[in-house]
Structures are given as C-alpha cells and as structure tokens.
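The following note sets out numbered points on a structure for a colleague's consideration. Please read each point against the coordinates.

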Amino acid sequence: MKLYEQVATTLKDRIDLGYYHEGDKLPSVRGLSQEHGVSISTVQEAYGLLIDDGVIESRPKSGYYVLLRQAPPELPATSSPASQPLVVAQWQKLQHMINEYGSQETTKLSLALPDTHAATLKPLTRLMAELSRSANRNVLDYEHAAGSDLLRHQIARVMVDSGCRIHPDEIIITSGCQEALSCSLRAVTEPGDIVVVDSPSFFGSVQAIKINGVKALEIPTHPETGISLEALEMAFEQWPIKACLLTPTNNNPLGYSMPDQNKIRLLELLNRYDVPLIEDDVYGDLSYTLPRPRTIKSFDTQGRVILCSSFSKSIAPGIRVGWIAPGRYREHIMMVKYLSSLSTPKLTQMAVAEFIAQGYYEKHLRRVRRDYQRDRDAVIGWLKREMPDGTRISYPQGGYLLWVELPEQVDSNELNTRAKARGISIAPGTLFSASGKYRNFMRICCVNSSNPALEKAIVTLGQLSKELMAQTLLPHE
C-alpha cells in the first residue's frame, strides 16, 4: 500500500468508527502532514482518494469535510408487469418525448442529460477546435465502418475498468448507444420474436423493440437488485425467447445495479437456454464508488453477451459516439451497422480518443461522479420534503436519474401537462412500459442541484401533485 493510501485508510477508519461524523471538518492538510510525518502532497493525494471514493468533499477556501449523506428513501415496490409478450403500444407518447429535445421548457427534468457545463469538459472543446483547424481533408472522408482504430484502442482501455479484456478489433463504433442497441437487436432477432426486458425499462429500448417488429416480455424488477431471476427462468421455460435487453448497472430508470452473484446467475441462465444478452452499460462509468461494477460481459466466456455503451451520458450527448463489443455476433452486427449508417463521423471520434488518451476522461469522471452523487442526495431531500405523503423514490448508486412512485391518485401524464405550463417537463412513467403501466410514476433528471431552478421545479411538482390528489379525492356531485 502506498503512503497516501495508508493515510487515506487511517482517515476512513476514523470516520467509520465515529471519530468524525457527517458534516464534520477534517484536519488541515498541514496538520495531517505533521501528525503522520508525511509531505503535504501525500496528504493531498490521500484526501483526493477519499473524495473519489465518495467519503469526503472539498469546500473551496474552507477545507475538507465528511460528506453529508441523504438517508435512503422508501423505495418503489418490485414491479409486477404483464406475464405475456406484448406489442409495444406507446409510439405516440414517444413522439411527445422526441419533441422535448427541441422544446423551450426552462427546466427539462424529462431528459437524461449530463452536465455539459462541467469545467472538466473544456479540454474536449479545445481538442475539437484544434483538430478542426489542423485536420486535412481526409477528415471529410468516410471512416472505416468499424470506427477509428485509435478510438477503439482507447475504449478497450476504458473497458478494463469494468472487468473486460477485449481486443480493439472486437469493438464497433456507432453513433451513440441507441444505434448500438438497435443494430444489436436487428442482428439477433427477426420480426415476431420475443425479447425480454426489465420493467420498467428505458423507453429507447422499448421503442427499438417496436421498430424492429419484435415483442417485449417484461420481467418483474426489484429497485435494488434488478430483474427477478426466478421469473426469468420461468419465462425461458414458457416462451421461445430470442434475446434479453437489460441495463444491469445504474439502470435507467429504476437505478439498480445487479450484484455480481446475480450477474453470474443470469449468465448461467443465458448459457443454459442459449439466449444472447444485449447489455446496455451506458451509465456504468458513472458509479459513485470505485472500482465501478463489473459488466456481465466481463464474466462471459462464450461470446454470448453483446455490450453496448457510449459517451453520450458520461461526456455529452451531442458527440454521438457509442460502441458495441459484439462477441460471437460481430459479423452480423457489422453488416447491420454498415446498412444503418455506414460509418460514424471522424472528427468526434478523433476528439474523444484524444480526450481519453491524454487522461482527461478519467479526471472528468472523478469530478462528475462526486457531483452526481451530491445532486442525487439534494434532489431526494427536496422530493421527500415537497411531494405528497406516500411518495417513494429510487436510490441509485450511480448516474443522475430518479424513478419516483407517486400516490395512485396522481397521473404523471396529467402532471407533465400541467408542469409544462409552468416551464417544467418530466418523463411520465407510462413511457417505460410496453403496455403503458406506471401511470403514477415519473422519471426525473437530477443534474446540477446547485442551480436554484432545480429546487424550484421540485417545489412546483410537489404543489401540482397535491392539487391533482385533492381534485381526485373531491366527492362527486
């Protein structure tokens, strides 16, 4: 153990033993240096490690403090979706969601958008400008369908953190994770096939299922541990399932991360029933603690898991750089990718590759992981304070999305309509089911809790929810 790690371990032990409580100020860098007989830089590295681990925080011009923690809320109940395959019937509602990307609401809680104003992204914009000025006309040509060789090497390095050892030649670059999911579905299914999803499930996955002409079979899902493996095994016995499409780490929208033992059991089921898994890991790098959770792909020895991800949620959505690690399905997925978009633009691939290679991505993740955990705790606190009694809230261990179960009297579609009139948008729960379930649920994005507009929006949502409850409970004349 390095010297700074020893200092960090000693401090963490003191915090765990109660010598320092939440919110307490920790010794100064100079004081700790003298106490342990180490250099100031060693203490700074120790404090930096504890910040990265989500144990303490640094307050400008004040010092280091034990991080305040929001008590876990009462979680939403385990879901109980329909027990048969369904044709997705929510296309019109998705169209409303698509319109959100260009709408004028001042507070868009509906969209899963990272903090694109983070100071740690400045090197990326600089790199893009430099590459634009220095690149020759080759940058205007097609890139290879599999993507930039340099970027694929950098992604292979990033994937090591999730437990994967994948050669760059096994990676295919896509235009975001949505294309990765769609190409993967097209490669392993045909119209009329049945695909397993968790419930609730990311609406982009649900609509990719619809547009590919396959049916969704929703599996009951726990807000902490993920899909019921018992229910999944029963589904495998009962239905001719052709694929599973899951987000097992920092799930969207429910927030769960499957324990490793569940991931291993899931893979054993997939192997036994010869079913491929499309693993959406787009939020995996945003886990609050290190090391980040392993992907199911990292346990796969048969090439059965198709890993899909992108930098849209960890860096910025506008760069549209995603990837697939296709396993045994590479040839077919390459053909689908070629027919889908031929190739991904060179310039953004070059910029992201340099951003990773020069160490900026790792620094960026260290910063936003801490910020998003702080945002989660702040927004959960506001929701507890403002929303009607009986509201339940997810407690994700990464990312920046909250799944909120409202009292049964509150229709989230009507809540969204009324919120829009106040300059606020949410994602109604019905978007996250093939059958339109979760009418009294909503998903909200909790990025940038330091912006007063976010707290104001939660106050407004609480008021509107209580108004809807009051109107529902009025006696009929």
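1. Glu-57 of β1 stands opposite Tyr-65 in β2. The two strands, β1 (residues 56-59) and β2 (residues 63-66), run antiparallel and are joined by four bridges. Strands are counted as pairing where DSSP finds at least two bridges between them; helices (H or I, at least four residues) and strands (E, at least two) are DSSP runs numbered from the N terminus. Three residues separate the strands of this hairpin, and Lys-61 takes a positive phi near 60 degrees there.

2. The model is a predicted one, in which local features need pLDDT of at least 70 and side-chain atom pairs count only at pLDDT 80 or more, while totals for chains, interfaces and linings use all residues. Residues are numbered from 1 along each chain as its sequence is written, and side-chain values use heavy atoms, with hydrogens and water left out.

3. For residues 1-69, an unreviewed UniProt entry lists "domain: HTH gntR-type". UniProt positions are given in the numbering used here, feature names are shortened, and annotations may be inferred rather than shown by experiment. In the model, this span is 51% helix and 12% strand, and its end C-alpha atoms lie 28 Å apart.

4. An open sheet of eight strands follows the order β4-β11-β10-β9-β8-β5-β6-β7, with mixed pairing. Each of β4 (172-174) and β7 (226-227) has a single partner strand, so one side of each is left without a neighbour in the sheet. At the β4 edge, pairing with strand β11 (residues 322-325) is antiparallel over three bridges, and Ile-173 has Trp-323 as its bridge partner in β11.

5. Within the eight-stranded sheet, β5 and β8 run parallel and are joined by four bridges, with Val-196 opposite Cys-244 in β8. The pairing of β8 with β9 is also in the parallel sense, over three bridges; there Leu-246 has Glu-279 of β9 as its bridge partner. Is β8 mostly covered or mostly uncovered? Five of its six residues are buried, where buried means under 20% relative accessible area, exposed over 50%, and partly exposed in between (1.4 Å probe, protein chains only).

6. Helix α7 lies across β4, β5, β8 (241-246), β9 (277-280), β10 (305-310) and β11, and runs at about 160 degrees to β10. Axes are lines fitted to C-alpha atoms, for helices over the stretch in contact, with angles from 0 to 180 degrees between N-to-C directions. Contact denotes heavy atoms within 4.5 Å.

7. The axes of α7 (residues 176-188) and α8 (residues 203-211) come within 10 Å and cross at roughly 35 degrees. Gln-178, Leu-181 and Leu-185 of α7 make the contact with Gly-204, Ser-205, Ala-208 and Ile-209 of α8. These residues divide into four nonpolar, three polar and no charged, with Ala, Val, Leu, Ile, Met, Phe, Trp, Tyr, Cys and Pro counted as nonpolar, Asp, Glu, Lys and Arg as charged, and the others, Gly among them, as polar.

8. Pro-191 is found in the loop between α7 and β5 (194-199). At 67% relative accessibility, this residue counts as exposed. Leaving aside neighbours within four places in sequence, Pro-191 is in contact with Asn-212, Gly-213 and Val-214. Pro-191 and Lys-215 are 24 residues apart in sequence, and their C-alpha atoms are 8.3 Å apart in space.

9. Several backbone geometries merit inspection. The peptide bond from Ser-199 to Pro-200 is cis, with omega near 5 degrees, and Pro-200 lies in the loop between β5 and α8. The bond from Leu-290 to Pro-291 is likewise cis, with omega near -5 degrees; Pro-291 lies in the loop between β9 and β10.

10. Positive phi values also occur at two residues that are not glycine. Asn-250, with phi near 55 degrees, lies in the loop between β8 and α10 (260-273) and is buried, at a relative accessible area of 3%. Asp-274, with phi of about 55 degrees, lies in the loop between α10 and β9 and is exposed, at 52%.

11. A further open sheet has four strands in the order β12-β13-β16-β15, with antiparallel pairing. Its edge strands, β12 (392-393) and β15 (427-428), each pair on one side only. Two bridges link β15 to strand β16 (residues 441-445) in the antiparallel sense, and Ala-427 stands opposite Arg-443 in β16. Helix α13 (residues 360-386) lies across β12, β13 (401-405) and β16, running at about 20 degrees to β13.
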